[in-house]
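User: Please take a close look at one part of this protein for me. I would like to start with a single residue on its surface, then see what surrounds that picture.

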Amino acid sequence: MRILALSPIIPDAPSDGDKLRLYHFLKNLSKRHSVTLAAFGDPETQQEDLSSFVQGVHVLPMPRYRPWVNAFSRLFFETPSNVNAYASDAMREQVDTLLASGKFDAVF
């Protein structure tokens, strides 16, 4: 199966809970499936270890201040702050482009 994995982080240096969990999930999933990752992060981040088991990594930059601004906006809107924090036209366009390629059977 060909899977597109979407994430708010890149498990580039799996050192904390979220990164460790995602890193090992993707590594194990890739043993039986072809996995491509689209995530927010620093495009300059070294991804050699990921590329050993993930077919492709698509990284979009996330300004460091954005999650804080969106968390503050939670005071004024009913939308959960995580929804606002990761709403991105650039990510939406990237995902649309990847899905339009027809190379994926599932999205995680």
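Analyst:
**A surface phenylalanine and its setting**

Phe72 is exposed: its relative accessible area is 52%. The cut-off for that word is over 50%, so Phe72 earns the label. Keep in mind that this is a predicted model, and every value here is computed from it.

Where does Phe72 sit? Its place is helix α3, which covers residues 66-73. Phe72 also belongs to a nonpolar patch on the surface. Its partners there are Leu75, Phe76 and Phe77. Together, the four residues offer about 520 Å² of accessible area.

Now step back to the whole protein. Five helices and four strands are present. In sequence order they run β-α-β-α-β-α-α-α-β. The C-alpha atoms fill a box of roughly 45 × 35 × 25 Å along the principal axes. Of the 108 residues, 31% are buried.

Gly56 is an example of a buried residue, with a relative accessibility of 17%. Buried means under 20%, so Gly56 qualifies. This glycine lies in strand β3, residues 56-60. Ala100 is 44 residues away from Gly56 along the chain, and their C-alpha atoms are 16 Å apart.

Val107 falls between the two labels. Its relative accessible area is 47%, so Val107 counts as partly exposed. Val107 is part of strand β4, residues 106-107. Between the C-alpha atoms of Val107 and Arg64 there are 26 Å, and 43 residues separate the two along the chain.

Next come the charged contacts. How many salt bridges does a search of the whole structure find? The search finds two.

One salt bridge joins the side chains of Arg2 and Asp105, with 2.9 Å from N to O. This pair links distant parts of the chain, since its members are 103 residues apart. Arg2 is in strand β1, while Asp105 is in the loop between α5 and β4. Arg2 is partly exposed at 37% relative accessibility. Asp105 is partly exposed too, at 45%.

The other salt bridge pairs Asp89 with Arg92. Their closest N and O atoms are 2.7 Å apart. Both residues lie in helix α5. They are three residues apart, about one turn of the helix. Asp89 reaches 53% relative accessibility and counts as exposed. Arg92, at 45%, counts as partly exposed.

Last, look at the second largest pocket. Its space is about 170 Å³. Which residues line the second largest pocket? The lining consists of Leu6, Ser7, Pro8, Ile9, Asp18, Arg21, Leu22, Phe25 and Phe108. By type, six are nonpolar, one is polar and two are charged. Strand β1 (2-7) and helix α1 (17-29) each supply at least two lining residues. Helix α1 gives the most, with four.

Back to the starting point. Phe72 is an exposed residue of the model, and its nonpolar patch includes Leu75, Phe76 and Phe77.

Definitions and conventions
Residues are numbered from 1 along each chain as its sequence is written. This is a predicted model: local features need pLDDT of at least 70, side-chain atom pairs count only at pLDDT 80 or more; totals for chains, interfaces and linings use all residues. Side-chain values use heavy atoms; hydrogens and water are left out. Patches are made of residues with over 30% relative accessible area and no salt bridge: like charges are joined within 9 Å, nonpolar side chains (Val, Leu, Ile, Met, Phe, Trp, Tyr) within 5 Å. Accessible areas come from the Shrake-Rupley method with a 1.4 Å probe; for residues, only the protein chains shown count as cover. Buried means under 20% relative accessible area, exposed over 50%, partly exposed in between (1.4 Å probe, protein chains only). On a 1 Å grid over the protein atoms alone, a cavity is a set of points where a 1.4 Å probe fits but cannot get out, and a pocket is an open set with protein on both sides within 12 Å along at least five of seven lines; lining residues have an atom within 4 Å of a point. Grid points are joined across faces, edges and corners, and a volume is the space filled by probe spheres set on the points. Ala, Val, Leu, Ile, Met, Phe, Trp, Tyr, Cys and Pro count as nonpolar, Asp, Glu, Lys and Arg as charged, and the others, Gly among them, as polar.
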